[in-house]
Amino acid sequence: MTKQTFTKTAYENLSEFIFGKSPYPVRLKNGMSIGGGTVYPEINFTLPTMLITKDTMPEVIRNYREIITGVCERAKELYVPGFVAEIETLPPMTENPEWGIEVCKTVVDIVKEYEAKHGVKGAVRITPNDIREGPGLEHMWRGRHWDAMLKTFEGCAEAGADLLAIESVGGKEVHDEAVMYCDISKSIFALSILGCTDMNRLWTEIVHIADKTGTVAAGDTACGFANTAMVLADKSYIPRVFASAVRVISAVRSLVAIECGAKGPHKDCGYEGVYVKAITGTPISMEGRTAACAHLSPIGNIAACAADIWSNESVQNVKLLGGMAPTVSFEQLVYDCRLMNEAAARGQETALLLRDLHADSDSGLDPQAYVLRPDVVLDISKELVKVDGYYPRAKKAAALAFAHIQKAYDDGGLKLDDRELTWLEKLTDTVDGLPDDAGEFTENMVDECEKLDPKKYDM
């Protein structure tokens, strides 16, 4: 397979970089065009707290049937033009692929039934949980964990899933340590050397499965990397400038899925998707204020600026005053999408106004929001595509993130306290001092990573 390379951004004009539209829409079999002008809601849901065993599987299936029926019914009542339902399998559902496949088939069948009976267009994204972690892992690309993941992908695709996605974990054991100590060198190593190597192997297989089954290889996210940093920064455990850089670096890793043949939409919990869209033109799913049911963040509005799908991250199937939580969360997504679609219908000037209001309302208050500004994303992306190689590109991503944050602070457009400024200077110096050669960098880093087993990455 010939890999794609991106040496220029998909966008030149900032006014074209906006929600609902992408140069390369994903057209589904039912006529939905993601990135074709309409922002669709994507409802992500999970089980209430319960054990998942062979004996509890009937109750698991009952929950998923209840969830998706409630969502489809509300979609009909609210005249939703189309929606995506995402199933993120829980670990036992990937470890036992037949369980995940049964869940997927249950959801797919109900979505198709509502489409046939009521004209409610829906698509299903399957996101198998990446179980390649822990002491029992034999190897990243062989053994029972690898085989179970691929079997889950293929079985769910054959069961009718439209989109294939994952939150892959290659390099996460190192990145967890990097986040704990705010070690930007280890972060770059985990994302660009380990992560990109893993992405190449994994996404070659996912694209092959998609091609074989007539489904769409959608995208990956650095949720376990950048979102972990974001949540810890939000709790003031680590500096926000560190988490901001991790977000931009993570784009280098997530881009690999597209290089391997993924078509989008990029997955919701990857806020770095704006960089992927800027560079490749593929549509993206994003989450923001509507993800508060799963995690808090400082980027609730700005995340919507370039979204082609608007998601809630994940919500448990529990009872609220308004109804079951997934149905309530879906309704919130629907109204946000209505607003974006109405703005677009009134013309580019109105759409751009809404986009910029989303951006400006967040970007001056937190560096993690600032690096997601459409103008900043496009500026950084135009520089990243000039750099060849994962490590040099990741190093450049960190340097550019810090430079833009520093300039925004100097110009009075971004608030930073003394602690953040101290860390900004320290981290900038660290990145400036990293070697240029990827081989030298790798050799330096391997011995410093206590939790890394190089053999599992064929190193």
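Colleague: How do helix 7 and helix 8 pack, parallel or antiparallel?

Modeller: This is a predicted model. Helix 7 (residues 223-234) and helix 8 (residues 240-259) have axes 8 Å apart, at an angle of about 170°. Angles over 145 degrees count as roughly antiparallel. Helix 7 and helix 8 are therefore roughly antiparallel.

Colleague: How do the residues of the contact of helix 7 with helix 8 divide?

Modeller: From helix 7 come Phe225, Ala226, Asn227, Ala229, Met230, Ala233 and Asp234. They meet Arg240, Ala243, Val246, Arg247, Ser250 and Arg253 in helix 8. The division is 7 nonpolar, 2 polar and 4 charged.

Colleague: Is Gln368 in helix 12 buried or exposed?

Modeller: Gln368 sits in helix 12 (residues 367-370). Beyond its neighbours within four places in sequence, Gln368 touches Met230, Ala233, Arg240, Ala243, Ser244, Pro298 and Ile299. Its relative accessibility is 5%, and the cut-off for buried is under 20%, so Gln368 counts as buried.

Colleague: What separates the C-alpha atoms of Gln368 and Ala233?

Modeller: Gln368 has Ala233 among its contacts. Along the chain the two are 135 residues apart. Their C-alpha atoms are separated by 9.4 Å.

Colleague: What kind of aromatic pair do Tyr391 and Phe441 form?

Modeller: The model holds 6 aromatic pairs. For Tyr391 and Phe441, the centres are 4.2 Å apart and the planes 15°. Planes under 30 degrees apart count as stacked, so this pair is stacked.

Colleague: Which residues form one aromatic cluster with Phe189?

Modeller: One partner lies in helix 14 (residues 390-410), the other in helix 16 (residues 438-446). Their relative accessible areas are 2% and 1%. The cluster partners of Phe189 are Tyr391 and Phe441.

Notes:
Residues are numbered from 1 along each chain as its sequence is written. This is a predicted model: local features need pLDDT of at least 70, side-chain atom pairs count only at pLDDT 80 or more; totals for chains, interfaces and linings use all residues. Side-chain values use heavy atoms; hydrogens and water are left out. Helices (H or I, at least four residues) and strands (E, at least two) are DSSP runs, numbered from the N terminus. Buried means under 20% relative accessible area, exposed over 50%, partly exposed in between (1.4 Å probe, protein chains only). Contact means heavy atoms within 4.5 Å. Axes are lines fitted to C-alpha atoms, for helices over the stretch in contact, and angles run from 0 to 180 degrees between N-to-C directions. Angles under 35 degrees count as roughly parallel, over 145 as roughly antiparallel, 65 to 115 as roughly perpendicular and the rest as oblique. Ala, Val, Leu, Ile, Met, Phe, Trp, Tyr, Cys and Pro count as nonpolar, Asp, Glu, Lys and Arg as charged, and the others, Gly among them, as polar. Rings of Phe, Tyr and Trp (its six-membered ring) pair if their centres lie within 6.5 Å; planes under 30 degrees apart count as stacked, over 60 as edge-to-face and the rest as tilted.
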